[in-house]
Amino acid sequence: MENQGNNSEVIDVDSVAMSIIAYGGDARSYAVQAISLAKKNQIDQALEAIEEGKRSAHSAHNEQFSLISSYADGRKVENNILLSHAMGHLMCAELALEMSAEMVELYSRLNGQED
């Protein structure tokens, strides 16, 4: 990708997409882990897994923001199948985190640990 001005700058969209996929995968894994821990009545550990997942999702969003910033600075950012996959992967991870937080809360209530 080249800057639309006289200077050319290569934006490695594939590398950013792979980072988003990796961080998103970590976030989703933490979400699944949180549900598993909650099933075992390990609510504190489940909540920590959700927080770790949120940190991973935040890292993915930082990667995504780097592309948005580049675009806002006038650089051409090409969309490709890998970047589209990365965005879908991140959206699924976000949904998994939201749903796992709800499930951990439900398990907590079922086990009489509600706040």
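Helices here are DSSP runs of H or I, at least four residues long, numbered from the N terminus. With that convention in hand, and bearing in mind that this is a predicted model, the tour can start inside one of them.

**Stop one: Ser70**

Select Ser70, which is found in helix α2. Its relative accessibility is 11%, and because buried means under 20%, Ser70 counts as buried. Show the side chain of Ser70 and you can follow it to the backbone oxygen of Ser66, reached at 3.0 Å. If neighbours within four places in sequence are left aside, the contacts of Ser70 are with Ile11, Arg75 and Val77.

**Stop two: Leu67 and the largest core**

Stay in the same region of the sequence and select Leu67, which, not counting residues up to four places away, touches Ile11, Val13, Val16, Val77 and Leu83. Then extend the selection to Ile11, Val13, Val16, Ala17, Ile20, Ile21, Ala60, Leu67, Leu83, Ala86 and Leu90, the eleven residues that make up the largest nonpolar core. Each of α1, α2 and α3 supplies at least two residues of this core, and the largest share, five residues, comes from α1. Apart from this core lies another, of eight residues, including Leu37, Ile43, Ala49 and Val104. As background, nonpolar side chains in soluble globular proteins tend to be buried together.

**Stop three: helix α1 and the loop after it**

Select α1, residues 13–39, and place a distance between its end C-alpha atoms. They are 39 Å apart, which agrees with the span of 39 Å that its 27 residues should have at 1.5 Å a residue. The buried residues of α1 are Val13, Val16, Ala17, Ile20, Ile21, Gly24, Ala27, Ala31, Ala34, Ile35, Leu37 and Ala38, and they pack against α2 and α3.

Just after α1, select Asn41, which takes a positive phi of about 65° and has its place in the loop between α1 and α2. The sign deserves attention because most residues other than glycine have a negative phi. At 34% relative accessibility, Asn41 counts as partly exposed.

**Stop four: Glu78 in the next loop**

Move to Glu78, in the loop between α2 and α3, which is partly exposed with a relative accessible area of 33%. Display its side chain together with that of Lys76, and a polar contact of 2.9 Å joins the two. Adding Asp14 to the selection shows a pair 64 residues apart in sequence and 9.7 Å apart in space, C-alpha to C-alpha.

**Stop five: helix α3 from end to end**

Begin with Asn80, which caps the N-terminal end of α3, a side-chain oxygen lying 3.0 Å from the backbone nitrogen of Leu82. Next select the helix itself, residues 81–110, whose 30 residues should span 44 Å at 1.5 Å a residue, and whose end C-alpha atoms, 43 Å apart, agree with that figure.

Which residues of α3 are buried? They are Leu83, Ala86, Leu90, Ala93, Leu97, Ser100, Val104 and Ser108, and the elements that these buried residues pack against are α1 and α2. When reading such a list, recall that an α-helix has 3.6 residues a turn, so residues three or four places apart point the same way.

The tour ends just after α3, at Gly112, which takes a positive phi of about 70°.

Note on methods
Residues numbered from 1 in each chain as written. Predicted model: local features only at pLDDT ≥ 70, side-chain atom pairs only at ≥ 80, totals over all residues. Heavy atoms only, no water. Expected span 1.5 Å × (residues − 1). Buried < 20%, exposed > 50% of the residue type's maximum accessible area, 1.4 Å probe, protein only. Contact = heavy atoms within 4.5 Å. Polar contact = N/O pair within 3.5 Å; in protein donor to acceptor, adjacent residues only side chain to side chain. Core = buried A, V, L, I, M, F, W, Y, C linked by side-chain atoms within 4.5 Å.
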